[in-house]
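Reader: I'm new to reading protein structures. Could we go through this one together, step by step?

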Amino acid sequence: MTGPGMKEPGMTEPGPELGTVAPQDRFRRALTDNVRPPAWCNPTPEGKYNLVVIGAGPAGITAAREAAILGAKVALIERDLIGGDRLNVGCVPSKALIRTSRAYAEMRQAGHYGAQVPSDIDIGFAAVMQRMRRIQARLSRADAAQRLTDAGVDVYFGQARFAGPDSVAVGDQILRFKKALIATGARPLTPPIPGLAEAGYLTNENVFDLTERPRRLLVIGGGPVGCELAQAFCRFGCQVIIAQDEPMFLALEERDAAQLLSDSMARDGVEIHLNTAVVAVRVEGAEKIVDLVSEDARFSITVDEILAGIGRAPNVEGLGLEEAGVRYDIRAGIEVDDFLQTSNPRIYAAGDVCLELKFTHTAEASARIVVKNALFLRRERMSALTIPWCTYTDPEIAHVGLYVREARRRNIPVRTFTALMHDVDRAVTDGEEEGFVKIHVRDGTDRILGATVVARHAGEMINGLSVAITLGIGLRNFAKVIHAYPTQAEAIKMAAEAYHRARLTPSIRARTRRRLALDR
Amino acid sequence: MDQARSLSDEELLDRFQRGAFGYFVDCYNPENGLVADTSRPGSPASIAVVGFALSCYPVGVERGWMTRAEAVARTLATLRFFAESRQGDQPNVTGHQGFYYHFLDMQTGERVWQSELSLIDTTLLLAGVLTASVYFAGDSPDEARIRELADLIYLRIDWCWARGGKATARQGWKPESGFLHYGWDGYDEATILYVLGLASPAHALPLDSYTCWTATYQWENIYDHEYLYAGPLFVHQYSHAWVDFAGIRDEFMREKNSDYFESSRNATYVQREYARRNPYDYAGYGDNCWGLTACDGPGFMTQALDGRERRFFGYAARGAPFGPDDGTIGPCAAFASLPFAPEMSLAALRHYCDRYPDMIKDCRLPGAFNPTLPGDGPAGWVSEGCYGLDQGIVVLMIENYRSGLIWKLMRQCPYVVEGLRRAGFTGGWLS
């Protein structure tokens, strides 16, 4: 391998210019300089790689870094922007927007906190988006191509395609490998709605490029990302409607969690239409007319933008998977076993391209498993992981482990201990008393099967419960742990204390009462 | 109700039970036996309210508020109507596949408001039909006819069709759009629906439908009370109006070493505890002012009150402790917990009489009130008139508390016994 880094005359050209996004301000340029340097030249491969990683999203970056630290010769191939969805079109930009939207919501609700409501709340959408780009640029430093190169990773830009069972082509270069990892991620599904493509629509891949706030926004699909963005844009002053062709809002979540969020979004002003299908879209002037059908009613709404959030499709096309002997399905993605090995024993997959739970932390965790299994012949299983997740609405909904319905389906008897956030001092002082902690234990034991937290900072609170499930710490032990007062995480301790009190059956209480009476 | 303080518990209960019973005397069409959904002018009939009415008539007879002959006449008129009214998949008939539309025109008996063919409301109607068939066990031709019609109405219902090809019973059906897709999940008032559906000799729900439904149950410890969670209080009451669940257990309750009666008692405690804690500082809430349930409301609006922005809802299923809660209390729901927690329900009733006497008309509690939203008196906003469901559950639960009449009658109903057994209930009075 020679000369990775800035382009010099005569060196290999990177792949197509897929990374161009608007607007091209200094923050966007800084981002691009890091994750798709315009002057980048691909290295020239020498010899066989221990690991070739296709896709430089969270899974790919994690695997490449971990492998390099352990002394492996690693190549990382990216066709677009390093950082994947997380940095460019996913968690990072959306959370930046959500934070600003929360600031606006708090301005409007200032009276709730005993503060004065500002007399004139002007939404500066350009500033909102500029802050988002600034944050993206800052966080991109860690994933910069040069940083990866410095860490011992050969970074290639371009479309990768398997040239055979043990080689990958990038442009006109062939990279041979001992092991390979496919981590090409996923992309938004396109809703098959007549007129939608012609009218134009937003997905997570272009919504963060908006330069003007839409006055009226329709969100198709009520999944986590749709809810997050619907609430955020509503708080930016958009009229937002969610249309979901399913009967249950956030169907995978506990009903009370979904209900609380539904109420909260309604308070913000989001209109939620369940059992409502979008059947056609047409353009009239600058407006989009959307036809909807709900049970026996048909009606139309007029919006400025449409955000489609109906799910994600794995990026399996154009990779030459057939040549490599890797089996895949265009909907479910690359077929892997519990060790994340594909039908080609040399090739593994990680992240959104093969997993049902399409989260950054799941992608990273799966990548770590691949490094161990592929390079060190370990037998670590994906199914052994405890994976929490969070929907970053306000309040947030976080979950880890089993839901009650899953446990009952497996004939595991479940008992749930619930603490209400309105009983937590810090939640009350913060004016954030909406929500709960529900901890599901196996009946007759304190073994934690799963937990759901609905709270403003549920994503922070769920981590302690993930630790407990991962390490097999029972619920009774939480009551022994001193929790800093006042914190919202005390809700977890309160659930543990409820567990303790529930163990004090009437007969136990009678015994202790008799004994204490003798001591008097 | 200024004199409530001077009345004994028994006298107080008698007055309110009779007051509630009066609803079914007042809001009844003798031509077809239909009973209005509410006392408001122009209200259509609700088939569930008719079910409550049919169950109340035996109470009226036993209490001496109605002659047996009148009760027979009313019951016969009602059963004749439901047996003979038009069924079919057209949009303007009375029912389909043996089920009935939720709301019917008081005069013609045809579907109104484009309402749904309702499984749960048909079930509540059936509960009344079967109560009548057990109570009117005399040899007279009219009483014999009541029993024949009751069998006809029950036996022709196609419960299997009502699954719509799914594992569990659907919530309803409309001729315009087919089965409803509400996606309900968790414990609800449908226990009696499954009991009656499982027992049908000809078109029964399959046994696994009950297993699938109960698979969504969630047993929770909230405020140190353990129960089968459901937020609205009526969920913990409606099936209990007809079936005495004390001491009988299905597989789930055997696992939890409890029963549905005990669960409803704890649900009542949770409701009161929620009102005591009153996390959103609603006016009135406290030890004796509680009861979040499906009830009328002030309407969908937002108002700034005492420096706080308050959102109000119309008719909605309010629940504790996760909401929704807009400060609206359903006083009949607190009262209807009488068999589960008599001391609490009576204390709540006395509190309503002491604190909010103006909202009580003819010894009938209103459908809802909201002291947070200013109105003509301390009760704040008060729902107009009365709801038949509220008055019906009050009559039946007071009677069950006083004499157990309805529970005893339904123990004699072979369909109820068979349905409970098929659902896996054992022990207690089923032994």
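Reader: Which residues are buried in helix 14 (residues 414-422) of chain B?

Author: Keep in mind that this is a predicted model. A residue counts as buried if 20 or more other C-beta atoms lie within 10 Å of its own. In helix 14 of chain B, that holds for Y415(B), V416(B), G419(B) and L420(B).

Reader: Why do the buried residues of helix 14 of chain B line one face of the helix?

Author: Imagine looking down the axis of helix 14 of chain B. The buried residues line one face because, in that view, they fall within an arc of 130 degrees.

Reader: Which helices do these buried residues pack against?

Author: The partners of the buried residues of helix 14 belong to chain B as well. They are helix 4 (119-135), helix 5 (141-155), helix 6 (191-199) and helix 13 (405-411) of chain B.

Reader: At what angle do the axes of helix 3 (residues 68-84) and helix 5 of chain B cross?

Author: Helix 5 of chain B meets helix 3 of chain B through residues including I146(B) and L149(B), with V72(B) and L76(B) among those on helix 3. The residues of this contact divide into 10 nonpolar, one polar and four charged. The crossing is left-handed. The two axes come within 9 Å, and they cross at roughly 30 degrees.

Reader: Now for chain A: which strands stand at the edges of the sheet with the order 13-14-15?

Author: This open sheet has three strands, paired in the antiparallel sense. Each edge strand has a single partner strand, so one side of it is left without a neighbour in the sheet. The edge strands are strand 13 (276-284) and strand 15 (297-303) of chain A.

Reader: How many bridges join strand 13 of chain A to strand 14 (residues 287-294) of chain A?

Author: One place to look is E284(A), which stands opposite E287(A) in strand 14 of chain A. Strands 13 and 14 of chain A run antiparallel, and the number of bridges joining them is eight.

Reader: How do the two chains meet, and which residue is the bridge partner of F417(A) in strand 8 of chain B?

Author: In total, 29 residues of chain A are in contact with 26 residues of chain B. Strand 23 (414-420) is one of the elements of chain A that supply at least two residues of the side touching chain B. Strand 23 of chain A pairs in the parallel sense with strand 8 (residues 219-222) of chain B, over two bridges. In strand 8 of chain B, the bridge partner of F417(A) is N221(B).

Definitions and conventions:
Residues are numbered from 1 along each chain as its sequence is written. Chains are lettered from A and ligands numbered from 1 in the order in which they are written. This is a predicted model: local features need pLDDT of at least 70, side-chain atom pairs count only at pLDDT 80 or more; totals for chains, interfaces and linings use all residues. Two residues are in contact if their C-beta atoms, placed from the backbone, lie within 7 Å. Helices (H or I, at least four residues) and strands (E, at least two) are DSSP runs, numbered from the N terminus. Two strands pair if DSSP finds at least two bridges between them. A residue is buried if 20 or more other C-beta atoms lie within 10 Å of its own, exposed if 12 or fewer, and partly exposed in between; C-beta atoms are placed from the backbone. The arc is that of the directions from the helix axis to the C-beta atoms. Axes are lines fitted to C-alpha atoms, for helices over the stretch in contact, and angles run from 0 to 180 degrees between N-to-C directions. A crossing is left-handed if the near helix is turned anticlockwise from the far one by less than a right angle, and right-handed if clockwise. Ala, Val, Leu, Ile, Met, Phe, Trp, Tyr, Cys and Pro count as nonpolar, Asp, Glu, Lys and Arg as charged, and the others, Gly among them, as polar.
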